[in-house]
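Reader: I am new to protein structures and would like to learn how to look at one. Could you walk me through it, step by step?

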Amino acid sequence: MVTRIENAVPPMILEYMKTKVQNEERWSYSYPKGAVFEKKHPKLTIYDGSDIPGAKLLEGMAHMVLLMVYNKALKDGLDVFQPTMLWCGASIKDMHRKDNIHTDHENDVPKDMKVLKILGLLHAEWPEDFGGHFLHDGEAHKMVPGTFLVFDPLKEHAATDIFTEKKRIALDYTVLAKNS
């Protein structure tokens, strides 16, 4: 199941954070963990619990965005996650690479710890016909700037095909589920 948190973050904040993320030099091809290189995509780790040199501004912005999403979720009666960031990163997807269907956190989180992922676009505008929406457990979910999706990372998921030359940049978090 995917929970939508609509209009959680203003477009100007998303666009500002996207600019900062685009200018980072720490991008890597480390994800999805365990996948062969051909199946990996560019990912920027913003927070992983360690002290990442040069990441403090983005880390602070990521905490702020997470609190905005959490606040909007509570206003909407959706008390499903704890606003404690376990991990946060940004990813780039584009029309030149089909996304692979994958799962997250199968082997890197204790089995008794229930985590959720939260995903949102770092764009002020992203027309529906650009593609790059979210496929989770076989169901497509439209990605809209300002809206964040909360989902079970152990279910298969991927980005749908992208039909524009623009790069789709998304922000994703790993957080504790409310009943964890």
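Reader: Let me begin with the strands. In which sense do S5 and strand S10 pair, and over how many bridges?

Author: Happy to help, and keep in mind that this is a predicted model. To read a pairing, look at the directions of the two strands and count the bridges between them. Here S5 and strand S10 (residues 168–177) are paired in the antiparallel sense, with seven bridges. You can find one such spot at Leu-121, whose bridge partner in S10 is Ala-170.

Reader: Which strand is joined to S5 by four bridges?

Author: That is S8, and S5 and S8 run antiparallel. Try finding Lys-117, which stands opposite Phe-151 in S8.

Reader: Which sheet do these strands belong to, and what is its order?

Author: To read a sheet, walk across it from strand to strand. This one is an open sheet of seven strands, in the order S1-S8-S5-S10-S4-S3-S2, and its pairing is antiparallel. At the edges you meet strand S1 (2–5) and S2, each of which pairs on one side only. On average, neighbouring strands here are turned by 35° against each other, ignoring direction.

Reader: Which helices pack on that sheet?

Author: Helix H1 (residues 11–22) does, touching strand S3 (41–47), S4, S5, S8 and S10, and its direction makes about 100° with that of S10. H2 packs on the sheet too, where it touches S1, S3, S4, S5, S8 and S10; with the direction of S4 it makes about 120°.

Reader: How many residues of S5 are buried?

Author: Seven of the seven residues in strand S5 (residues 115–121) are buried. To read the faces of a strand, sort its residues by side. On one side of S5 sit Val-115, Lys-117, Leu-119 and Leu-121, on the other Leu-116, Ile-118 and Gly-120, and both faces are covered.

Reader: What is the order of the sheet that holds three strands?

Author: The order is S7-S6-S9, in an open sheet with antiparallel pairing. Strand S7 (139–141) and strand S9 (157–159) are its edges; each has a single partner strand, so one side of each lacks a neighbour in the sheet. From one strand to the next, the twist averages 25°. Strand S6 (residues 134–136) pairs with S9 over three bridges, and Phe-134 stands opposite Ala-159 in S9.

Reader: Now a helix, please. How far apart are the end C-alpha atoms of helix H2?

Author: A handy check is to compare the expected span with the one in the model. With 20 residues at 1.5 Å a residue, helix H2 (residues 56–75) should span 28 Å, and its end C-alpha atoms are 29 Å apart, which agrees. Its buried residues include Leu-58, Met-61, Val-65 and Tyr-70. Just after H2 comes Gly-77, with a positive phi of about 75°.

Reader: How many aromatic pairs are there?

Author: The count is four. In one of them, the rings of Tyr-29 and Phe-37 have centres 5.5 Å apart and planes at 45°, so this pair is tilted. Tyr-29 is partly exposed at 43% relative accessibility, whereas Phe-37 is exposed at 54%. Another pair, Tyr-70 and Phe-81, is edge-to-face, with 5.4 Å from centre to centre and 65° between the planes. This pair links distant parts of the chain, with Tyr-70 in helix H2 and Phe-81 in strand S4 (residues 81–93), 11 residues apart.

Reader: Are the two partners buried or exposed?

Author: Tyr-70 counts as buried at 16% relative accessibility, and Phe-81 counts as buried at 1%.

Reader: Where is Ile-162?

Author: Look in the loop between S9 and S10. Ile-162 is buried, with a relative accessible area of 7%. Its C-alpha atom is separated by 5.9 Å from that of Asp-94, although the two are 68 residues apart along the chain. Leaving aside neighbours within four places in sequence, Ile-162 has contacts that include Trp-126, Phe-130 and Arg-168.

Reader: Last one: what pLDDT does the chain average?

Author: The average is 93, and 99% of the residues score at least 70. Among the elements, strand S2 (residues 28–31) has the lowest mean pLDDT, 86, and strand S8 (residues 148–151) the highest, 98. As a general habit, where pLDDT is low, do not read the predicted coordinates in detail.

Definitions and conventions
Residues numbered from 1 in each chain as written. Predicted model: local features only at pLDDT ≥ 70, side-chain atom pairs only at ≥ 80, totals over all residues. Heavy atoms only, no water. Pairing = 2+ DSSP bridges. Axes fitted to C-alpha atoms, helices over the stretch in contact; angles between N-to-C directions. Expected span 1.5 Å × (residues − 1). Buried < 20%, exposed > 50% of the residue type's maximum accessible area, 1.4 Å probe, protein only. Phe/Tyr/Trp six-rings, centres within 6.5 Å; stacked < 30°, edge-to-face > 60°. pLDDT = per-residue confidence, 0-100. Contact = heavy atoms within 4.5 Å.
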